[in-house]
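Reader: Got a minute to go through this one with me? I'd like to start with the ligand site, then the helix packing.

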Amino acid sequence: MIVQTAMPAASASLAPDLPVIEVEGLAKHFDMHHLGQRLDAFSGIGFRIMPGQFLLLTGHNGAGKSTLLRTLYRSYLPQAGHVWLNTAEGRIDLARAADVDVALLRRREIGFVTQFLNARPRVPAEDLVAEPLRLAGRPAAEALAVARAALAEFGVKRELWAAYPSTFSGGEQQKVNLARALILPQRLLLLDEPTASLDAGARAALVRRLAALKAQGVAMIGVFHHPGDVAGLIDAELNLDNKETSNVAK
Ligand SMILES: Nc1ncnc2c1ncn2[C@@H]1O[C@H](COP(=O)(O)OP(=O)(O)O)[C@@H](O)[C@H]1O
Ligand SMILES: [Mg+2]
């Protein structure tokens, strides 16, 4: 049997001249009823990202970076604006999409990576990592082989592959999390400080993986604890302190 261990190709590609995501006039605030106060996270946000482009989000603590990513993932509903996604099913406004459609988009089109692993009891690391591929219809043996290659790439020791991540150290859990989150290329990848407190080897593995995804046309929006790591991948920067986008000269 020939086991293919290469990373899978990107899901159905769109015309390369169509933006992956177009954000218009996006605003989010939190009503803190117990305090009778309103907290503006951001407003008037707009940008568009083409396939293979990488937008770096910057700003001080509390500037609204995580809130913007969560709004783009539709964990939060915005109060105003549009989040147009060009998907296999056509153009969809995530700011208005039904929850069932959002759930489907998260499986097929939008990935979200944080530094936290959602370890489930009695699920071995390699099965957790292989799961997105199996759900996408890849044969189990092939999915497992790709998962093991990804665990090796992120520096998870072989003895741990069949063990339960709930018992792993924080750093080991982060590596399993990255292997899983990045195993199936999606059209849009959102990253919220995925490298905070990772060792240099795993950070380098992440950058290699992101570069490969970018070359496959995956669009990325990310906040990075060490922005220098991804300097070579950045096409534009959005600073939430002054809410201005600027193109980064290459
Ligand atoms: N669920 C929430 N309810 C109320 N306020 C929130 C909520 N989430 C974030 N905030 C507030 O929104 C602001 C932006 O937070 P956040 O997006 O986490 O900032 P960053 O990621 O840039 O550090 C902060 O003032 C934070 O306290
Ligand atoms: Mg944050």
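Reader: Which helix gives the largest share of the shell around ligand 1?
Author: Helix H1, residues 65–72. It supplies 3 residues of that shell. Keep in mind that this is a predicted model.

Reader: OK. Which residues surround ligand 1?
Author: Going along the sequence, Phe 30 and Leu 39 come up, then a run from His 60 through Asn 61, Gly 62, Ala 63, Gly 64, Lys 65 and Ser 66 to Thr 67, and finally Tyr 76.

Reader: How does that shell split by class?
Author: There are 6 polar residues, 4 nonpolar and 1 charged.

Reader: Now polar contacts. What does Gly 62 do with ligand 1?
Author: A polar backbone atom of Gly 62 sits 2.7 Å from an oxygen atom of the ligand.

Reader: And Ala 63, what's the distance there?
Author: 3.2 Å, between a polar backbone atom of Ala 63 and an oxygen atom of ligand 1.

Reader: Which atoms pair up at Gly 64?
Author: A backbone N or O atom of Gly 64 and an oxygen atom of ligand 1, 3.0 Å apart.

Reader: How much of ligand 1 does the protein cover?
Author: 65% of its accessible area. On its own, ligand 1 has 570 Å².

Reader: Switching to helices. At what angle do H3 and H4 cross?
Author: Roughly 125°. H3 spans residues 125–135 and H4 spans residues 140–153, and their axes come within 8 Å.

Reader: Is that pair parallel or oblique?
Author: Oblique, because the angle falls in none of the parallel, antiparallel or perpendicular ranges.

Reader: Left-handed or right-handed?
Author: The H3 and H4 crossing is right-handed.

Reader: What about H3 and H5, what's the angle?
Author: Roughly 25°, with the axes coming within 8 Å. H5 covers residues 170–181.

Reader: Why call those two roughly parallel?
Author: Because their angle is under 35 degrees, H3 counts as roughly parallel to H5.

Reader: Last one. Which hand does the H3 and H5 crossing have?
Author: H3 passes H5 right-handed.

Terms used
Residues numbered from 1 in each chain as written. Chains lettered and ligands numbered in written order. Predicted model: local features only at pLDDT ≥ 70, side-chain atom pairs only at ≥ 80, totals over all residues. Heavy atoms only, no water. Near = heavy atom within 4 Å. Polar contact = N/O pair within 3.5 Å; in protein donor to acceptor, adjacent residues only side chain to side chain. Areas by Shrake-Rupley, 256 points an atom, 1.4 Å probe, with all protein chains shown as cover. Helix = DSSP H or I, 4+ residues; strand = E, 2+ residues; numbered from the N terminus. Nonpolar A, V, L, I, M, F, W, Y, C, P; charged D, E, K, R; others polar. Axes fitted to C-alpha atoms, helices over the stretch in contact; angles between N-to-C directions. Parallel < 35°, antiparallel > 145°, perpendicular 65-115°, else oblique. Left-handed = near helix turned anticlockwise from the far one by under 90°.
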